[in-house]
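This report describes selected local features of the structure shown below. Confidence, strand pairing, salt bridges and surface exposure are taken up after a short look at one helix residue.

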Amino acid sequence: MHIPPCSLTINKVKNLECSTLEYETLSDSEAEEDVLKWLASQVDTTKEFSLCVSRMSVLERGLLLWRRQKLSSPVNTLKITFLGEAGVDTGALRKEFLTEMIGGIETRLFEGEDGKGKMPKYSLNDLDNGLFRVAGEVFAVSLAQGGPAPRFLQDWCYDFLLSGTLENITKDSVYDVDISPLIKTIEETSDLSSCTEQIVSCGYTGPINETNKENITRAIVMHAAARRTLMLQQLRDGLQLYGLIDVMRTNREVCRSLFVVQGGNDKVDSHYIVSHLHPQMSETGTLKHAKEVQILNHFQDFLMELEDDDSVDEEALSVPRVMQWVTGQSHKHLLLSERQAFKITVQFDHACMQRMPSHTLCFPIVSACAQTITFPTAHFSNVSEFKENMKVAVKYGACFYRV
């Protein structure tokens, strides 16, 4: 359930008026938690920032509607409605929307190698449309209102957001679909004559020979980074929301973990879900209780099988997607206090055959706002049947048609 951010108390923050956080000696996790709580306290819960989007095109419609919203501000509580659905946003819809937006923005506006961080795509039309500013605002809202952290930036991008200068840039920290292959070619060949035109176009003005390979590579890397500074400047404009960029400057290393790829792992695994299950069991020793235990075991096996799947298909079913189906979000809770309070209520329906004697199949039902899943017990005779039933339920049961 949604807890108003204004109910959060931050004892270690000494100066809120100038958007500055000062800490006593704290662990990194404690300091990060205080930043997130402070951000939550900056949300104007007396007003709403309402968006109505199609589930079929969450990212593109979300970017468009966010950018053209004139009657409200993202500093307010975000309220989401999915077109054609009856769901009322008490927190789950917002988290689902932010989850889709952060993941979509990473793919749509950023590029890089998995595990090494990403930088903005060189896209002047997206810059002209203000999409990087929208991305910055979405990042701020996601951190303040229960969404995932945008932990995919390269370190030099984060440093530029705060200092406005290009720092700590190496050939390994810059990925460009055109320039990265050029760097590889320069490293692997001794005759650079075939690359002269490309090298010059990157701004290198010195001698082009094997002796100057290091200087040539450095110039190319700087060129790749410099052409993206306009995108990063616009992203920084978006991060002005809630005064977040000022907090980032004052608490540079604490906030780094919320933005860079090495900052932390908030990906949901099977243990995270199973360890937070709160099943409502029948009396021990009864047939109902035995059936319920069997279903819980099947559910855990189902999650572990998904976890062990090495498929690279982005549309493939995954543990985070199951988490999103049940709760609206696919990431671990950023706040330790929320992790400790988090539970998924598990209920069991033993009476579906009495209500509908002629039916042959029904599926688990979830209430994402209440974080509850109900399993029908009459249709799971074995683990294979359970897994197939779950795959269909998760794939086609994401919409909010029940209130």
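His-289 is part of helix α14, which spans residues 287–308. With a relative accessible area of 17%, His-289 is buried, because it falls under the 20% cut-off. Leaving aside residues up to four places away in sequence, His-289 touches Met-281, Ser-282, Glu-283 and Thr-284.

**Confidence**

The model is predicted. The protein chain has a mean pLDDT of 85, and 89% of its residues reach 70 or more. Over residues 1–20 the pLDDT stays under 50, and the model has 35 contacts beyond four places in sequence for this stretch. Residues 22–27 also have pLDDT below 50, with 10 contacts in the model beyond near neighbours in sequence. Where pLDDT is low, the predicted coordinates should not be read in detail.

**Strands β6, β7 and β8**

Strand β8 covers residues 372–376. Which strands are joined to β8 by bridges? Strand β6 (residues 344–349) runs parallel to β8, and five bridges join the two. In this pairing, Thr-345 stands opposite Thr-372 in β8. Strand β7 runs antiparallel to β8, with three bridges between them. Here Ile-365 stands opposite Thr-374 of β8. Four of the five residues of β8 are buried, so this strand is largely enclosed by the rest of the structure.

Strands β7 and β8 form a hairpin with four residues between the strands. Gln-371 lies in that loop, between β7 (365–367) and β8 (372–376). Its phi is positive, about 55°, although Gln-371 is not a glycine. Gln-371 counts as buried at 13% relative accessibility.

A second residue other than glycine with a positive phi is Tyr-242, where the angle is near 65°. Tyr-242 sits in the loop between α10 (229–238) and α11 (244–250). The relative accessible area of Tyr-242 is 8%, so this residue is buried.

**Salt bridges**

The structure holds 19 salt bridges. Three of them are set out in the table, with the distance between the N and O atoms and the relative accessibility of each partner.

| Pair | N to O distance | Relative accessibility of the acid | Relative accessibility of the base |
|---|---|---|---|
| Glu-305 and Lys-387 | 2.6 Å | Glu-305, 34% | Lys-387, 15% |
| Asp-349 and Arg-355 | 2.6 Å | Asp-349, 17% | Arg-355, 53% |
| Glu-388 and Lys-391 | 3.7 Å | Glu-388, 47% | Lys-391, 31% |

What does the salt bridge of Glu-305 and Lys-387 tie together? Glu-305 belongs to helix α14 and Lys-387 to helix α18, so the pair ties together parts that are 82 residues apart in sequence. Glu-305 is partly exposed, whereas Lys-387 is buried. Helix α14 is also the helix that holds His-289.

Is each partner of the Asp-349 and Arg-355 salt bridge buried or exposed? Asp-349 counts as buried at 17% relative accessibility, whereas Arg-355 counts as exposed at 53%. Asp-349 is also one of the residues of strand β6, which spans residues 344–349.

Glu-388 and Lys-391 lie within one helix, α18; being three residues apart there, they are separated by about one helical turn. Glu-388 is partly exposed, and Lys-391 is partly exposed as well.

Salt bridges also link several residues into a network made of Asp-155, Asp-159, Glu-167, Arg-252, Glu-253 and Arg-256.

**Surface patch**

Leu-361, Phe-363, Val-392 and Tyr-396 form a nonpolar patch on the surface. Together these residues have about 390 Å² of accessible area. Tyr-396 lies in helix α18, which covers residues 383–396. At 60% relative accessibility, Tyr-396 counts as exposed, because its value is over the 50% cut-off. Helix α18 thus appears in two settings: Lys-387 in α18 takes part in the salt bridge to Glu-305 of helix α14, and Tyr-396 in α18 belongs to the nonpolar patch.

Notes
Residues numbered from 1 in each chain as written. Predicted model: local features only at pLDDT ≥ 70, side-chain atom pairs only at ≥ 80, totals over all residues. Heavy atoms only, no water. Buried < 20%, exposed > 50% of the residue type's maximum accessible area, 1.4 Å probe, protein only. Contact = heavy atoms within 4.5 Å. pLDDT = per-residue confidence, 0-100. Patch = residues over 30% accessible without salt bridge, like charges linked within 9 Å, V, L, I, M, F, W, Y side chains within 5 Å. Areas by Shrake-Rupley, 256 points an atom, 1.4 Å probe, with all protein chains shown as cover. Salt bridge = Lys/Arg side-chain N within 4 Å of Asp/Glu carboxyl O. Pairing = 2+ DSSP bridges.
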